[in-house]
Amino acid sequence: MNLDFLQELGLKADNDGTSTGQTSHHNSAEHIASYSPVDGKLIGKASVTTKDQYEAVIQTAQTAFKHWRTVPAPQRGEIVRQYGDALRQHKDALGRLVSYEMGKSLQEGWGEVQEMIDICDFAVGLSRQLYGLTMHSERPMHRMYEQWHPLGIVGIISAFNFPVAVWSWNSMIALVCGDVTVWKPSEKAPMCGIACQNIWAKVAKDNDLPEGISSLVNGDYKIGEYMTKDGRVPLVSATGSTRMGKIVAQTVGARLGKSLLELGGNNAIIITETADMDLVLTGALFGAVGTCGQRCTSTRRLIVHESRYNEVRDKLKAAYGQLRIGDPLDTNNHVGPLIDKDSVNTYLKAIESIKAEGGKTVVDGGVLEGPGYESGCYVKPCFFEVKADSKMAQHETFAPILYIMPYSTLEEAIEIQNSVPQGLSSAIMTTNMRESELFLSTAGSDCGIANVNIGTSGAEIGGAFGGEKETGGGRESGSDSWKAYMRRQTNTINYSTTLPLAQGIKFDL
Ligand code: NAD
């Protein structure tokens, strides 16, 4: 395999995992080795951030914040614009790295970098639109308004499955808001983090920016905990499993810090009597097998009207038969590997449990072996008929496992859909306006994302992204998500010559 992209991105066999911008800290004794799930080969090593290095990063970030918050927001936007341009230059290489280190298809790897570019563009526009409201005061010759100030250091903890985009959603918005960021990427994709930071370092140098505006730390949950326990980090934005989010929320909450949580999903498509079958097949198939079922928005459940049930099941079964599984950098393949062997074991155990609780196999799973599958991480996307109250269908198994179940009334379908603990993405396939409106109404989907005639998977950066219940309640990316990265201040200005007190209170002065 041609790995020239590693060189373009400044990656070596042995990389500094800690950086405050242009300066990388000296290697520590401990390293994370990153192996590609594509071919099982070592990509490189990242040094793990020590406690002392973490201290230096935070102190540098605190100093940088004092400068950065005073830079006018549109000028901060100009830096983000340049970062977006640098990403355009390195889109091919970074997309290849994402695909090679994480295992998603090359098209999806490039797509992830495009999302980063898009959020940069969004953030540049936003840098002139950090609007506050004005209010009419109840007192004469008084003016009231609110304004938004940056918070300080934003800690970003990210998951392996979107190893570059999630950071940019947080970081690019936080930067135009005047915050500085410290990123701990997933220990399963550290090279992606180092590559993004290397690109940042060049932009920072070209603009003579101080160290500490965008910093990188590396390691497992213990390094994440440095941030969640640190009162100098007012906001921790954490993306990952619900298990992780519950710990992070409690740790940050114990010091009354703010957390922004983007956690697991268990996303369903409701397929009604009037659904357009072409849309159903494309939406369900891509949703279930794209990124090998490792998207937070992956489709996990199909809730199908009983009149269309057999048709959907059989057509989807035939579509699964067409899937090409293999090297994700080969654009002829549809499905790449799972991230690692732990993930393969979780997948195998889930299939056992589905069968043990009476799930009926439509397309069976299993691990692929032989030439091209040496990493041991390639599995077959599979799907099972289960009852609406199936225990396994309540859980997010982060793998290409799909459940299909019938319903008879739309109210029942919505209830099944909402009956799981997670609330990220949802969809209805229908050509009946009454059905789509009910699904989108207060009596409809309880998720943060509800789509009509589009699958559950993915989202445009322009909308606020996130979900309810065990998905954590956070919102990132577009719309007014930026408000999470700022503090609101209400200001009242008296330009009269008197100071009227509330409730008519008077002093004899
Ligand atoms: P994970 O929870 O294992 O790890 C995510 C990150 O959290 C890693 O960087 C990890 O080191 C860190 N971490 C773990 N425990 C921690 C702790 N106690 N304190 C501080 N940091 C800690 O998740 P994963 O396996 O990398 O990713 C898959 C999960 O992420 C899935 O559940 C998926 O749905 C979810 N996800 C959600 C979204 C979303 O936007 N809702 C997006 C992507 C992924």
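The exercises below, each with a worked solution, concern the predicted model shown above.

Residues are numbered from 1 along each chain as its sequence is written. Because the model is predicted, local features need pLDDT of at least 70 and side-chain atom pairs count only at pLDDT 80 or more, while totals for chains, interfaces and linings use all residues.

**Exercise 1. The ligand shell**

Determine which residues come nearest the ligand, and where the ligand shell lies with respect to domain 1 and domain 2.

Solution. A residue is near a molecule if its C-beta atom, placed from the backbone, lies within 6 Å of it. Of the 29 residues around the ligand, the nearest are Ala159, Gly224, Gly240, Glu262 and Cys296.

Next, sort the shell by residue type. It holds 12 nonpolar, 11 polar and six charged residues; Ala, Val, Leu, Ile, Met, Phe, Trp, Tyr, Cys and Pro count as nonpolar, Asp, Glu, Lys and Arg as charged, and the others, Gly among them, as polar.

Then consider the helices, which are DSSP runs of H or I with at least four residues, as strands are runs of E with at least two, numbered from the N terminus. Helices H8 (221-228) and H9 (242-254) each supply at least two shell residues, and H8 gives the largest share, four residues.

Finally, domain 1 (4-263 + 472-490) and domain 2 (267-452) both contribute to the shell, so it lies between them. The domain bounds come from an automatic or database domain assignment.

**Exercise 2. The nonpolar cores**

Identify the residues that touch the most other members of the largest nonpolar core.

Solution. A nonpolar core is a set of buried Ala, Val, Leu, Ile, Met, Phe, Trp, Tyr and Cys residues joined through C-beta atoms within 7 Å. A residue is buried if 20 or more other C-beta atoms lie within 10 Å of its own, exposed if 12 or fewer, and partly exposed in between, with C-beta atoms placed from the backbone. Among the 136 residues of the largest core, Ala123, Ile173 and Tyr485 touch the most other members. Both domain 1 and domain 2 provide at least three residues each to this core. A second, separate core of six residues includes Cys296, Cys447, Ala459 and Phe465.

**Exercise 3. The position of Ser419**

Decide whether Ser419 is buried, exposed or partly exposed.

Solution. First locate Ser419: the loop between helix H13 (410-418) and strand E16 (422-423) contains this residue. With 14 other C-beta atoms within 10 Å, Ser419 is partly exposed. Lastly, Ser419 and Asp389 are 30 residues apart in sequence, and their C-alpha atoms are 8.7 Å apart in space.
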